[in-house]
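Here are some worked exercises to try with the model open beside you. Have a go at each task before reading its solution.

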Amino acid sequence: MKDKNISVAVIRRLPKYHRYLKEMLDNDIKRISSKELSKMIGFTASQIRQDLNNFGGFGQQGYGYNVEDLYNEIGKILGLTRQYNVVIVGAGNLGQALANYSSFDRLGFKLQAMFDVNPKVIGLKINNVEVMDMDKFEQFVDENNVEIVYICTSRDGAQEVADKIQKTKVRAIWNFAPVDLKLKSDIIVENIHLIDNLLTVSYFLKENLE
């Protein structure tokens, strides 16, 4: 896989395959063809075969895909065969919502702590996870082998958090703050700009109404 130049577009489709395959397993579906998968997911059968062929041959002609095997293989490709230690910075409404989302834990993203600068929330427990003072952030993440930080702060505070992260062993950031972070290191960053997504919805709604 490391020798292949796999597009980001393909990688971004893999979680959707993984999610739908989990639903099939829950419904006791044992095998499925690319054509049947196409009807469920919305990608063409050709696109599905091309995507999966990037990682090896998973299907058999005339049989289709073994749902459990394909689910497990995509999980491996997505790195879901191990645990990731996670912390959340920002214990407001969004941070608390992420802390309470049980699917993260099921997939192996284990929340170790939350951090904030607001004395009103420091010391609280959200889903049995303590909100700690931001002053303890750098020491905690290095001592507890934290690999991913979810940033759920305001726009103004996000870059300051990113600067602190660059001083640690953290390897990835999931950024919900409405700002593009400036990083000097090779930390992986995935930006979730909620307003950008909402404005995209607004555009398509406008087009539809016109």
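**Exercise 1. Two helix crossings**

At roughly what angle do helix α1 (residues 8-26) and α3 cross, and within what distance do their axes come?

Before the solution, some ground rules. This is a predicted model, in which local features need pLDDT of at least 70 and side-chain atom pairs count only at pLDDT 80 or more, while totals for chains, interfaces and linings use all residues. Residues are numbered from 1 along each chain as its sequence is written, and side-chain values use heavy atoms, with hydrogens and water left out.

Solution, step by step:

- Start with the elements: helices (H or I, at least four residues) and strands (E, at least two) are DSSP runs, numbered from the N terminus.
- Next, the axes, which are lines fitted to C-alpha atoms, for helices over the stretch in contact, with angles running from 0 to 180 degrees between N-to-C directions.
- The axes of α1 and α3 cross at roughly 105° and come within 11 Å.
- Put a word to that: angles under 35 degrees count as roughly parallel, over 145 as roughly antiparallel, 65 to 115 as roughly perpendicular and the rest as oblique. α1 and α3 are therefore roughly perpendicular to each other.
- Now the contact (heavy atoms within 4.5 Å). α1 brings Val 10, Arg 13 and Tyr 17, and α3 brings Gln 47, Ile 48 and Asp 51.
- Sort by class: Ala, Val, Leu, Ile, Met, Phe, Trp, Tyr, Cys and Pro count as nonpolar, Asp, Glu, Lys and Arg as charged, and the others, Gly among them, as polar. The α1 contact with α3 then has three nonpolar, one polar and two charged residues.

Now take α3 again: at what angle does helix α2 (residues 34-41) pack against helix α3 (residues 45-53)?

- The angle is about 105°, and the axes are 8 Å apart.
- That makes α2 roughly perpendicular to α3.
- Ser 34, Lys 35, Leu 37 and Ser 38 of α2 meet Ala 45, Ile 48 and Arg 49 of α3.
- By class, this α2 contact with α3 has three nonpolar, two polar and two charged residues.

**Exercise 2. The whole chain**

How is the protein chain divided into domains?

- An automatic or database domain assignment supplies the bounds: domain 1 covers 8-77 and domain 2 covers 84-196.
- The C-alpha centres of the two domains lie 32 Å apart.
- Count the elements and you get nine helices and ten strands.
- Along the principal axes, the C-alpha atoms fill a box of roughly 60 × 50 × 35 Å.
- Of the 210 residues, 37% are buried, where buried means under 20% relative accessible area, exposed over 50% and partly exposed in between (1.4 Å probe, protein chains only).

**Exercise 3. The largest nonpolar core**

Which residues of the largest nonpolar core touch the most other members?

- A nonpolar core is a set of buried Ala, Val, Leu, Ile, Met, Phe, Trp, Tyr and Cys residues joined through side-chain atoms within 4.5 Å.
- Of the 22 residues here, the answer is Val 87, Phe 115, Phe 137, Phe 140, Val 149, Ile 151 and Ile 165.
- β4 (84-89), β5 (109-116), α7 (137-143), β8 (148-151) and α8 (155-165) each supply at least two residues of this core. α8 gives the largest share, four residues.
- Zoom in on Phe 137: beyond its neighbours within four places in sequence, its contacts are Val 87, Val 89, Phe 115, Val 149, Lys 164, Ile 165 and Thr 168.
- Another core, of 19 residues, lies apart from this one and includes Met 24, Leu 37, Ile 41 and Tyr 65.

**Exercise 4. A strand-to-strand pair**

How far apart are Ile 151 and Asn 175 in sequence and in space?

- Place them: Ile 151 sits in strand β8, and Asn 175 in strand β9 (residues 172-175).
- They are 24 residues apart in sequence and 4.8 Å apart in space, C-alpha to C-alpha.
- Ile 151 counts as buried, at 0% relative accessibility, and Asn 175 is buried at 0% too.
- Setting aside neighbours within four places, Asn 175 touches Ile 151, Leu 181, Glu 190, Asn 191, Ile 192 and His 193.

**Exercise 5. Positive phi**

What is the sign of phi at Asn 127?

- Phi of Asn 127 is positive, about 55°, although this residue is not a glycine.
- Asn 127 is in the loop between β6 (125-126) and β7 (129-133), partly exposed with a relative accessible area of 45%.
- Asn 145 also has a positive phi, near 50°. Asn 145 lies in the loop between α7 and β8 and counts as exposed, at 54% relative accessibility.
- For background, most residues other than glycine have a negative phi.
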